[in-house]
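Please keep the sequence and the three-dimensional structure open side by side while reading, and turn to each part of the chain as it is named.

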Amino acid sequence: MGVLSWTSSRERDNRHSRLPLYETLDAPSKERNSNDSYDDDSDYDGYSEASSSPGTSRVTSASASTATPIMPRRNFAVSRGPRQPFAYRLPNKVIRYLCFGLTSFIILMIITLIRASHNENRAIAEGKIDRPPSAPPVWESYPFLTRYYGGIRNLVPFAKNNPEYPRLKGEPPVDKLSYVNNSIWEPSVSLPASKEYTKYPTSVFQSAPEQFQECFLDKANKVRVPPIRYYEGRPNGFPEPVLGSHDLLGLPEDICFERYGRYGPYGFGYSVRSGGLGTGEHGEKEGYESTWERVPQVDWNGMDWADIQRRCYQANADRYKTVAPKQLNPNGFYVGEGTVAANLHARDTSLAESPVDETVKEKTAAPVSQGESTTKESTTKEAAAKLPRTAIVIRCWDEYFWKEEDVMNIRSLISELVLESGGRYDVHLLVQVKNDAAHPIWADAATYQRRIEETVPAEFRGLVTFWTETQMLSLYQGIFDLFSRGPDLPVHGVYRGLQMAMQYFAYQHPEYDYYWQWEMDIRYTGHYYDLLTKIENWTKEQPRKGIWERNARFFLPSVHGTWEDFKQMARVQSEMGTTGADNIWDGLPGADRQSQTGRGDKPVWGPERPKDPKDWFEPDDDPVPETTYEKDKYVWGVGEEADYITFNPMFDPEGTTWGLADDITGYNTSDGNGMPPRRAQIITASRMSRRLLMKMHRETAFLKHHAFPEMWPGTVALQHGYKAIFVPHPLYVDREWPPEVFAHTLNNGRNGATGGSRTSVFGQREHNLVGLTWFYNSGFAPNLYKRWLGLKVNNDGGEEFEMTVDESKNGTSVSEMRGGEGRMCLPPMLLHPVKDVELPVEANPEDTMEVPESDPGA
């Protein structure tokens with residue numbers, strides 16, 4: 001309607017003038033004003049052109065032609081009157097400043113984002129990224145087990161013990177008070193007598209006794225070390241190990257040790273004045289005197305363990321292989337060497353004789369009689385019967401703060417492994433000097449000795465071998481550093497290059513065939529010699545067939561059954577494959593074809609070489625299988641000493657979330673070669689043969705191959721076909737895990753192993769292992785050990801708990817235990833880590849001040 005009215009009004013206006021409005025034909029004489037033109041109004045021009053259409057009744061062609069000007073219109077610059085602008089226009093100067101500021105802001109934002117991205121990537125690489133707290137793991141909802149903390153007043157025979165854990169499926173829950181209410185002990189009844197472990201029927205001293213010269217602490221051969229003592233049975237309800245087995249390794253499981261029977265022989269429980277440590281003199285001590293009933297207390301002041309070990313070996317040197325001569329570095333000549341230099345030269349000359357000389361000697365030598373030949377053969381057999389020797393190398397550092405508990409642990413280690421084996425073992429301290437710039441030990445022998453005296457207790461100073469990071473850098477030059485843990489942790493450092501020091505130690509000590517790498521925070525509640533001997537014997541009898549597949553799995557007797565059942569299960573899982581998170585979608589449309597090539601794994605049989613032949617190092621020396629995998633009847637490897645023995649599974653880090661899986665350098669990973677075959681095990685405590693360590697040493701020095709310390713020995717053993725064994729020693733857990741759930745959690749990698757998949761327990765899921773008695777960050781091991789020593793932990797335990805019964809408590813949790821069962825008694829078990837054990841210590845009489853008597857008459 002609005003459009004029609006507008007149009008009609010326009011038409012009415014047009015009736016008054018048949019010509020365009022800008023023409024005035026009736027007044028030709030009138031002077032035209034330039035401002036009268038309407039051409040400047042574009043809107044109106046458009047309208048006038050449209051209105052002059054042929055369809056208009058009042059406009060004809062004649063009139064149109066009449067209205068057309070003879071000359072075309074010319075547009076002239078017309079000065080207009082001032083108009084009101086729609087917006088204020090800023091000055092150019094202000095515009096320039098605004099553009100400059102906006103550009104600067106954009107550039108600054110780009111630089112800030114780049115820097116933030118770089119810092120975040122660096123924090124992720126160094127593991128310093130802060131993450132929001134996640135939900136607590138499921139295992140934290142499982143209740144704590146309580147019967148670990150029972151005492152010697154509540155012992156029952158092992159056959160009659162009803163363990164609190166693990167419980168079989170369908171078994172009713174246990175009334176934990178029944179372990180106390182139904183026991184036969186009474187506070188008024190005296191304790192059963194403890195016994196010497198050397199007389200225990202299945203100990204190594206009774207089952208496989210050895211003939212050797214007894215070793216003493218003094219040069220006069222009069223001072224003996226008292227034997228450790230045990231109690232028969234276990235505290236009522238004591239749990240069974242969730243992993244590993246005592247029976248499988250021949251370790252005792254029907255006895256237990258309390259703190260005085262275990263550490264009393266080494267200075268625990270008597271004063272410093274009497275030669276002890278001044279610890280353990282308070283609390284529940286009933287029956288502790290029996291520790292010294294046959295052998296008196298030892299005055300440990302003034303001991304020199306290096307001299308003791310040397311004398312013990314010399315008294316039994318005929319039992320062992322001839323000590324290899326120490327290799328001397330060529331440093332020119334020294335005029336004062338005299339006959340020693342001549343003897344060394346003669347020895348080296350005889351070893352370096354050419355085959356031609358040997359042939360000439362054979363031709364010119366007199367014929368050997370039959371008697372002489374028999375004598376040589378018997379000598380050869382006697383040499384073959386000689387026993388190998390082993391070094392226990394305990395890692396430490398120069399700033400380590402020694403406590404009384406550390407001292408008695410090292411004393412027990414040396415006494416039980418060296419003296420009670422007749423010198424079969426030697427104990428060394430491999431000590432890192434952290435700041436060799438402040439302590440130039442390599443430049444001055446006096447500085448070397450002074451640093452030992454400043455940092456190590458007097459009785460252990462002769463055991464020390466120093467090493468530094470700069471020393472390792474000079475020995476193993478040319479290694480490409482990946483800096484997998486940031487620039488502060490180089491490959492030659494103690495964190496990523498720890499095995500380098502062990503390799504060089506073995507190079508300097510050719511007198512040993514095997515080397516146990518030990519740590520200061522490892523404890524064993526049983527007898528050390530019994531443990532290591534039975535472990536070494538068990539690994540020696542293990543066949544090579546299927547060993548790498550078994551090495552990759554935890555053994556849970558309550559789930560897997562016997563060891564033979566476990567061996568069969570490991571073989572079936574490895575060869576047939578299992579369904580896991582890494583292959584659950586195989587077979588579905590659209591699934592990755594590469595993952596469907598086969599679930600089973602090829603069994604490891606002989607050396608597993610890297611793909612690039614240039615990465616092979618001295619392959620001719622590697623052992624070769626005697627037959628094929630299928631034809632072997634579990635024979636190859638039986639009776640062969642293991643080159644590598646570990647206390648945790650050796651898992652395949654490929655595909656796992658373990659942060660150090662790719663910390664391996666020196667190999668050709670390009671051209672489709674990928675990562676080399678490798679194996680890792682958590683915690684470096686292990687036994688390595690000299691053959692393995694020398695191969696690691698030479699491969700690092702000459703081929704520049706190296707890996708993280710927990711991965712390097714297993715990788716070399718795998719690539720060179722050496723015999724490596726994971727020992728399923730007994731491990732205990734602090735909570736009531738369902739055994740099936742625990743087994744699935746631990747062996748949740750590829751094909752039922754612990755590694756090879758992102759669902760491996762090693763990596764982001766390591767928190768599931770915190771409750772075990774053996775792991776690098778175990779929380780249960782140190783708490784159990786401190787409670788065993790009579791200390792309070794989390795306000796539980798201690799002297800009052802051991803001696804007093806609290807009837808008001810219901811026994812359902814650790815804090816609700818009634819107590820009064822006496823000192824804790826633990827079966828033999830390995831514990832790690834145990835750090836910073838603060839025992840109450842009496843004041844040293846040498847440090848006490850003599851207060852002069854006051855004069856009463858003053």
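The paragraphs below go through the sheets, the helices packed on and beside them, the pockets, and a few backbone features. The structure is a predicted model, and everything that follows should be read with that in mind.

A good place to begin is the open sheet of 7 strands, whose order is S8-S7-S6-S9-S13-S11-S15 and whose pairing is mixed. At its edges stand strand S8, residues 464-467, and strand S15, residues 724-726; each has a single partner strand, so one side of each is left without a neighbour in the sheet. Going from one strand to the next, the twist averages 20°. At the S8 edge, the pairing with strand S7, residues 425-432, is parallel and comprises 4 bridges, and within this pairing leucine 430 has threonine 465 of S8 as its bridge partner.

Two helices can be placed against this sheet. Helix H13, residues 404-417, packs on the sheet and touches strand S6 (390-397), S7 and strand S9 (514-519), while its direction makes about 170° with that of S6. Helix H16, residues 498-508, lies across S6, S7, S8, S9 and strand S13 (686-689), and runs at about 140° to S9.

H13 also has a helical partner, and here a general point helps: two packed helices are described by the angle between their axes and the distance between the axes. For H13 and helix H17, residues 528-540, the angle is about 55° and the axes are 8 Å apart, and the two helices are therefore oblique to each other. On the H13 side the contact is made by Asn409, Ser412, Leu413, Glu416 and Leu417, which meet Tyr528, Tyr529 and Leu532 of H17. Sorted by class, this contact of H13 with H17 has 5 nonpolar, 2 polar and 1 charged residues.

A second helix pair, formed by helix H21 (residues 690-702) and helix H22 (residues 712-720), has axes that come within 10 Å and cross at roughly 95°, which makes H21 roughly perpendicular to H22. In this contact Leu692, Lys695, Met696, Glu699 and Thr700 of H21 meet Trp712, Pro713, Val716, Ala717, Gln719 and His720 of H22. The contact of H21 with H22 has 6 nonpolar, 3 polar and 2 charged residues.

Which parts of the chain line the largest pocket? Helix H4 (92-125), S6, S7, H16 and S9 each supply at least two residues of its lining, so that elements already met in the sheet appear again here. The space in this largest pocket is about 1500 Å³, and of the 49 residues that line it, the closest to its centre are Tyr495, Leu660, Phe708, Glu710 and Tyr776. The lining of the largest pocket divides into 25 nonpolar, 11 polar and 13 charged residues.

The second largest pocket has a volume of about 1000 Å³. Its lining is made up of 38 residues, of which Asp601, Lys602, Glu608, Asp652 and Arg679 are the closest to its centre. By class, the lining of the second largest pocket divides into 15 nonpolar, 9 polar and 14 charged residues.

Another open sheet is formed by 3 strands in the order S2-S3-S5, with antiparallel pairing. Strand S2 (195-196) and strand S5 (255-256) stand at the edges of this sheet, each with a single partner strand, so one side of each is left without a neighbour in the sheet. S2 is joined to strand S3, residues 229-232, by 2 bridges in the antiparallel sense, and glutamate 196 stands opposite arginine 229 in S3.

Some backbone features remain, and they are best seen against a general background: most residues other than glycine have a negative phi, and most peptide bonds are trans. Tyrosine 165 and proline 166 are joined by a cis peptide bond with omega about -5°, and proline 166 has its place in the loop between strand S1 (155-156) and helix H5 (178-181). A cis peptide bond also leads from histidine 832 to proline 833, with omega near 0°; proline 833 is in the segment after strand S18 (830-831). Isoleucine 683, a residue other than glycine, has a positive phi, near 80°, and is found in the loop between strand S12 (664-665) and S13.

Conventions. Residues are numbered from 1 along each chain as its sequence is written. This is a predicted model: local features need pLDDT of at least 70, side-chain atom pairs count only at pLDDT 80 or more; totals for chains, interfaces and linings use all residues. Side-chain values use heavy atoms; hydrogens and water are left out. Two strands pair if DSSP finds at least two bridges between them. Axes are lines fitted to C-alpha atoms, for helices over the stretch in contact, and angles run from 0 to 180 degrees between N-to-C directions. Contact means heavy atoms within 4.5 Å. On a 1 Å grid over the protein atoms alone, a cavity is a set of points where a 1.4 Å probe fits but cannot get out, and a pocket is an open set with protein on both sides within 12 Å along at least five of seven lines; lining residues have an atom within 4 Å of a point. Grid points are joined across faces, edges and corners, and a volume is the space filled by probe spheres set on the points. Ala, Val, Leu, Ile, Met, Phe, Trp, Tyr, Cys and Pro count as nonpolar, Asp, Glu, Lys and Arg as charged, and the others, Gly among them, as polar. Angles under 35 degrees count as roughly parallel, over 145 as roughly antiparallel, 65 to 115 as roughly perpendicular and the rest as oblique.
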